[in-house]
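Biologist: I have a new model on my screen and would like a friendly walk through it. Could you take my questions one at a time?

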Amino acid sequence: MNLLQKSNLRIGALALVIFALDQFTKWLVLRSLDEDKVVIPGFFKFVEWGNTGAAWSLFSGNNAALAFVALLALVALFLTRHHFDSHTLIGQIAFGLIFGGIAGNLYDRLSRHEVVDFIRFYMLQRNGNELGFPAFNVADSAICTGVGLIFLITWKNESTPRDVPTGK
């Protein structure tokens, strides 16, 4: 097995694990969460929210268009992954997280016509209203972590001094 095949195998294996974990947690939420489950009062709870939009519910109601964009992103990232050190272990982890996360949310969009979000961090204001971060899921976390790793890889590569040929 050559380096490219090993890289693709690792990326695919992690993507499959992320996809399975994402779908399993969403199944659990849909099956067993009848109402919000406060874990840390005033800070963290599990919810069951459907999202037809993107991050922070941007573009709500455009589920089909966002599914198409997700599919395009998946293909584009797959075809250009070699530009981002996908041959290194950290690059393989990054792309496995991103591909698994995109696939998990894309599956939701195609099968449920919305993405299931269930992790919510918030603070209670004095008036009793919640001030919170939008709800998210395992796929969202994987995508954000993978993108963060790609940024770190790119930053590391750009800040690493390269030998400049002297022409001698």
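What follows is a set of questions and answers about the fold, a helix pair, some aromatic rings and a few single residues.

Biologist: Before we start, what kind of model is this, and how are its residues numbered?
Modeller: It is a predicted model, in which local features need pLDDT of at least 70 and side-chain atom pairs count only at pLDDT 80 or more, while totals for chains, interfaces and linings use all residues. Side-chain values use heavy atoms, with hydrogens and water left out, and residues are numbered from 1 along each chain as its sequence is written.

Biologist: Which pattern does the protein follow along the sequence?
Modeller: Helices (H or I, at least four residues) and strands (E, at least two) are taken as DSSP runs and numbered from the N terminus. The protein has four helices and four strands. Read along the sequence, they give α-β-β-α-α-β-β-α.

Biologist: What share of the 168 residues in the protein is buried?
Modeller: Buried means under 20% relative accessible area, exposed means over 50%, and partly exposed lies in between, with a 1.4 Å probe and protein chains only. By that cut-off, the buried share of the 168 residues is 33%.

Biologist: Are the helices α2 and α3 roughly parallel or roughly antiparallel to each other?
Modeller: Axes are lines fitted to C-alpha atoms, for helices over the stretch in contact, and angles run from 0 to 180 degrees between N-to-C directions. The axes of α2 (residues 63-80) and α3 (residues 89-111) come within 10 Å and cross at roughly 155°. Angles under 35 degrees count as roughly parallel, over 145 as roughly antiparallel, 65 to 115 as roughly perpendicular and the rest as oblique. The two helices are therefore roughly antiparallel.

Biologist: How many nonpolar residues does the contact of α2 with α3 have?
Modeller: Contact means heavy atoms within 4.5 Å, and the residues that meet include Leu 66, Leu 74 and Phe 78 in α2 and Phe 95, Ile 102 and Leu 110 in α3. For the classes, Ala, Val, Leu, Ile, Met, Phe, Trp, Tyr, Cys and Pro count as nonpolar, Asp, Glu, Lys and Arg as charged, and the others, Gly among them, as polar. The contact has one polar residue, one charged residue and, for the class you asked about, 13 nonpolar ones.

Biologist: The structure holds 10 aromatic pairs; what class does the pair of Phe 44 and Phe 121 fall into?
Modeller: Rings of Phe, Tyr and Trp (its six-membered ring) pair if their centres lie within 6.5 Å; planes under 30 degrees apart count as stacked, over 60 as edge-to-face and the rest as tilted. Here the centres are 4.8 Å apart and the planes stand at 35°, so the pair is tilted.

Biologist: How many residues apart are Phe 44 and Phe 121?
Modeller: Phe 44 is buried at 12% relative accessibility, whereas Phe 121 is partly exposed at 31%. Both belong to one aromatic cluster, with Phe 43 and Phe 133 among its other members. Phe 44 sits in strand β2 (residues 44-51) and Phe 121 in strand β3 (residues 115-124), and their separation along the chain is 77 residues.

Biologist: What is the phi of His 113?
Modeller: Most residues other than glycine have a negative phi. His 113 lies in the loop between α3 and β3 and is exposed at 53% relative accessibility. Although not a glycine, His 113 has a positive phi of about 65°.

Biologist: Which residues does Ala 139 touch, leaving aside its neighbours within four places in sequence?
Modeller: Ala 139 lies in helix α4 (residues 138-159) and is buried, with a relative accessible area of 0%. Its C-alpha is 8.1 Å from that of Leu 97, 42 residues apart in sequence. The contacts of Ala 139 are with Asp 22, Lys 26, Gly 101 and Asn 105.

Biologist: Is Asn 105 buried or exposed?
Modeller: Asn 105 lies in helix α3. Beyond four places in sequence, Asn 105 touches residues including Asp 22, Asn 137 and Ile 143. With a relative accessibility of 10%, Asn 105 counts as buried.

Biologist: How far apart in space are Ala 94 and Val 147, C-alpha to C-alpha?
Modeller: Ala 94 is found in helix α3 and is buried, with a relative accessible area of 0%. Ala 94 and Val 147 are 53 residues apart in sequence, yet their C-alpha distance is 6.8 Å.
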